[in-house]
Amino acid sequence: MAEKKEYGQPGQRVWKEQKTIMLRFSDILGTLTKKQNIASKHAANILETAMNLLAKELDLMYALYFELLADGDTLQLVAGQDGNTFIIPKQLRISDFSALQAAHYLNGKTFVCSGSEAEVGPEIHLANGIRAGVGVPIVKNGKLVALVAVNSGFPRNWTKTEIHLLEEFAGRTWAELDNIKAGRTAGESEKHFQSIANLVPDLLWASEPDGSTSWYNQRWLEYTGQSLDQATGWGWVEAIHPDDQKSSSRRYADAVAAGKPLQQEHRIRRRDGKYRWFVVNASPLINEQGNVIKIYATATDIHDRKETENALRQSEEKYRTLFNIMNEGYCIVEVKLSKNDHVDDLVLLEVNKAWEKQTGLPKPLGQRLRNLLPDFEEKWLPYFEAVYQTGVPIRSEHYLKDIDRWFSVHYSRVSSSGSRLIAVIFDDITERKLTEQALRQNEERQTFLLKLSDALRPLTNPLSVQDTAMKLLANKLEVMYAGYFEMEKDGDSFHVAGRFEDQTMPLPERMRLSDFSMSLAAAFQSGRTIAVADTSIKSEWVKSPEVYSGIGVAAWAAVPLLKHGKLMAWIGINSGKPRAWAKIDLQILNDVAERTWDALERTRAEQALRDTELKYLLQLENDVKKRTRELQESRDSLQTIFDEQVKAEEERNKAYLLLQKSEETALLGSWEFNRLSGHLIWSDGMYRLFNLKNGTQVTPAVYLEYAIEKSLGKAKNVVQCIQESNADFEEILEMNISGKIKVLRIKGIPVRNNQGDIENVLGVDQDISAMREAEDKIKKMEQEQQLKIFRTSLSTLEEERHRISESLHNGIGQLLYGIKINMSSLRAGAPEEEFRHNKAYINELLTQAIAETRRVSHELMPTTLDQFGLKSAVDDICRQLSGKIEFNCHISVQHNRLEKYMELAVYRTTQELMTNVVKHAKASSCEVMIIVGTDQVKIVVSDNGQGMPEGAEKVNGIGLASIRSKIELLDGQLIISSNPDKGTYVEVIIPHQGLTDKPSR
């Protein structure tokens, strides 16, 4: 069986082979005409030859020629060729065919069957192994006269070229038979063929086995400019390009020797001397002995196609070069569909060099992606399916968990609708994503720290500071426990000072570092931050996982606080689930630790300041009362008091030095400087700080442009650090921005690449102008507070002086004056009775003077308070003041005494309130109650006197002003309630810092 030809390929090549077959058919007809003289035998040979040639060229099972008999239904087999042993039916009836097939034949239409059983027709076809066929009807004068039928033993998609060849073959065969019947000679047929050949646009010729030519069509002569005599023989060689002659001759000789068709490409010279590319198809005519006796050939102009192929090849080379040098990863994948036509896997068909570099994976050509990446995420597949279904390109960003990278991906379908090929271009954007994440986390961190500062700023109680900070920290990091632990003096024990708990088992209040492992204790002592992701796994920090399991802690982290090399405190957080602590988590933990410590230092310094002020006032009061004993030294006494005040003020200023570090409450802006390109990039915050339009080009010299004169030196240092420094730097500059002076704190951090070279510098600018203004306000408030304390001290001193002067004048002074008068009445020679009477009276006055002196002395310095405590001293006041007014005193004290200054403050306040009742209330009874608690003292004085007019309790008389000033300095509260004729109720609450070790009596 002859070699099967690819007739289904598009283009001129197959069409030329069809023409070659027809030329060979013509030569065969000419040879038969010379040998045969009997028309009937000649016709039979023609039909057999035609069917043989047709079956051989198209690789057919059957090639049959039927003629329609007179009944108009029966088809009589006239000639046929088969390559099988099956019996060919001699007759077929059109009525046995399907209605569709019969209609095609009767209407002169070619019927094509590609392979389905419904199309095949009669059962005899199936029985003979026919699975596909073509029937070409021959119609003359509107009537069916004959049928050429070809069949295949396997399903076959007949091409248009094959069908056209069959139709032309049938027509040529009928024409030749018609010529024979009409008595026309083969010569006339040859002329007819020559006319047809001259109409073909290709170059046609016939040649001998040795390569010489014997016939050309007119198109050859017109194209080459040769005459028939010049071209016949070996003249054709002159028309072939010299570079192609040798190879073309060799391939021609090989084809003749093998007796096979030839196809080759070479250049043929045009009549104007220019060469054009042609594709040559040559088919040999072989005799009964198997020898080549003739070669028929066609040459089709493919010059334009050749130019296009060259251009395409160059384009392909450019594409391949670009494909391999492009930085972006590129691959072509074939989508694999599930049973319901959804994309469920991908096969990699082609990748470029950047693919391996971007993904870190070897070239996996032909592999399924699920085999390559077992953890391949399903969320990627909808993108491939959308592009496959719609053909609309998609761009998206994805995170690939298997290799921990971010990619920007562009999907597009290759070829037309229905194609399963998807082109993917992707770029590694991990660095950008990490930078964005770092910036976002930093902004969130700064927002949180600002919130923390705002929450801690108004707090004055250290315990409130610790609890508030721990609650904010736990909520921010979403942990179940956050605790602030303070070290004790022994350097080993520590206790929980502040905490936040959420559905967790309580931890012990006091623990010791020595209870933990030596490595953990050493890490805390060295200030090392520790993070444990899973307590169920034994590690350096987890020796007993069951202990953590018992208290519900699955992960923890801790930050120790070292000051001057000594462990002072630490902050710990616990999670109920295993957790890989992120870098930003630990950074926030460190920030909260430092800021909580600073806030505690501030509150403790403020408390120390308040305690110092209170102690100072009480000491000042004692000094005033001591110095009132010597009224003649008032000037020196006042000077001494002033000196003591200055000394106390110096102590207060020293305490304020502990408050220098304040909370960050300024605006922020970030920037990045590339030292290689010299390009400075600002965030939106930077443009806002400098009041510039976003996108304005800036350089580090911008700091020189805006710095005021006194900050120019620092600005130059900042510019130099940005451009050259290898270390972190920080500077504060005063800038003139849009006519407004701003104070900026500038921090910068050089960033090194993998080689250790500094490529970028990252920085943050912070507007601390408000902080500076706040500091100025604090200084002003301090000055005002100092002035208030001084005025209160002078007022208290003056009041004491007035009271003592009144006591001395009205009490001791009058008694001494009475003694003087009675002493002057004593004279010599007076009657004895008068003398005894005057002496007794003088003795009585002296006794009263001594008692009054003792009373005044007791008021100045109550010895009972110092020796016996607050309860005895207050009871003593009640006994002294009881007379017209009945005082009922109730004192409740703790087992231990208050600090001395606090006892004196409570005593003096109670004394002044009771004295005011005696002097102004006009009452008959008064209830006095003093309750000393663990953290505060409550004083209540209530009488049934005349009360005060409405609004009088708000007026600051000398007595109320003195009491109110003391209470304010002690950070206490004063409540007064009074109505006319309904008595007065006074309540005082004074906080204190704890009890002494000295027991109460």
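Trainee: What makes residues 655-666 a stretch to be read with caution?

Mentor: This is a predicted model, in which local features need pLDDT of at least 70, side-chain atom pairs count only at pLDDT 80 or more, and totals for chains, interfaces and linings use all residues. The pLDDT is the predictor's confidence in each residue, from 0 to 100, and over residues 655-666 it stays under 50. The model has 34 contacts beyond four places in sequence for that stretch, a contact being heavy atoms within 4.5 Å. Where pLDDT is low, the predicted coordinates should not be read in detail. Residues 1-12 also stay under 50, with 19 contacts beyond four places in sequence.

Trainee: What is the confidence of the protein chain as a whole?

Mentor: The mean pLDDT is 80, and 80% of the residues reach 70 or more. Residues are numbered from 1 along each chain as its sequence is written, and side-chain values use heavy atoms, with hydrogens and water left out. The chain holds 30 helices and 32 strands; helices (H or I, at least four residues) and strands (E, at least two) are DSSP runs numbered from the N terminus.

Trainee: What makes strands E8 and E9 edge strands?

Mentor: The open sheet of 5 strands has the order E8-E7-E11-E10-E9, with antiparallel pairing. Strand E8 (213-216) and strand E9 (262-269) each pair on one side only, and they are the edge strands. From one strand to the next, the twist averages 30 degrees.

Trainee: How do you know that E9 and E10 are paired?

Mentor: Two strands pair if DSSP finds at least two bridges between them. E9 and strand E10 (residues 275-286) are joined by 8 bridges and run antiparallel, which satisfies the rule. Gln-264 stands opposite Val-280 in E10. Helix H11 (residues 242-258) packs on this sheet, where it touches strand E7 (203-207), E9, E10 and strand E11 (292-301). The direction of H11 makes about 155 degrees with that of E9; axes are lines fitted to C-alpha atoms, for helices over the stretch in contact, and angles run from 0 to 180 degrees between N-to-C directions.

Trainee: What makes E23 and E27 a pair?

Mentor: An open sheet of 5 strands has the order E24-E23-E27-E26-E25, with antiparallel pairing. Its edge strands, each pairing on one side only, are strand E24 (679-682) and strand E25 (729-737). Neighbouring strands are turned by 25 degrees against each other on average, direction ignored. Strand E23 (residues 668-674) and strand E27 (residues 758-767) share 7 bridges in the antiparallel sense, so the requirement for a pair is met. Trp-671 has Gly-763 in E27 as its bridge partner. Helix H24 (residues 712-724) lies across E23, E25, strand E26 (740-752) and E27, at about 130 degrees to E25.

Trainee: What makes the pair of Phe-97 and Tyr-105 edge-to-face?

Mentor: Rings of Phe, Tyr and Trp (its six-membered ring) pair if their centres lie within 6.5 Å; planes under 30 degrees apart count as stacked, over 60 as edge-to-face and the rest as tilted. By this rule the count comes to 19 aromatic pairs. For Phe-97 and Tyr-105, the centres are 5.8 Å apart and the planes make 80 degrees, an edge-to-face pair.

Trainee: Why is Phe-97 called buried?

Mentor: Buried means under 20% relative accessible area, exposed over 50%, and partly exposed in between (1.4 Å probe, protein chains only). Phe-97 has 9% relative accessibility, and therefore counts as buried. Tyr-105, at 4%, is buried as well.

Trainee: Why is the pair of Phe-494 and Trp-570 called edge-to-face?

Mentor: The ring centres are 5.3 Å apart and the planes stand at 75 degrees, so the pair is edge-to-face. Phe-494 lies in strand E18 (residues 493-501) and Trp-570 in strand E22 (residues 566-575), 76 residues apart, and the pair links distant parts of the chain. Phe-494 is buried at 1%, and Trp-570 at 9%. Ring pairs join both residues with Phe-485, Phe-516 and Phe-524 in a cluster.

Trainee: Why is Glu-385 called buried?

Mentor: The relative accessible area of Glu-385 is 16%, so the residue is buried. Glu-385 belongs to helix H15 (residues 381-390). Leaving aside neighbours within four places in sequence, Glu-385 is in contact with Asp-341, His-342 and Val-343.
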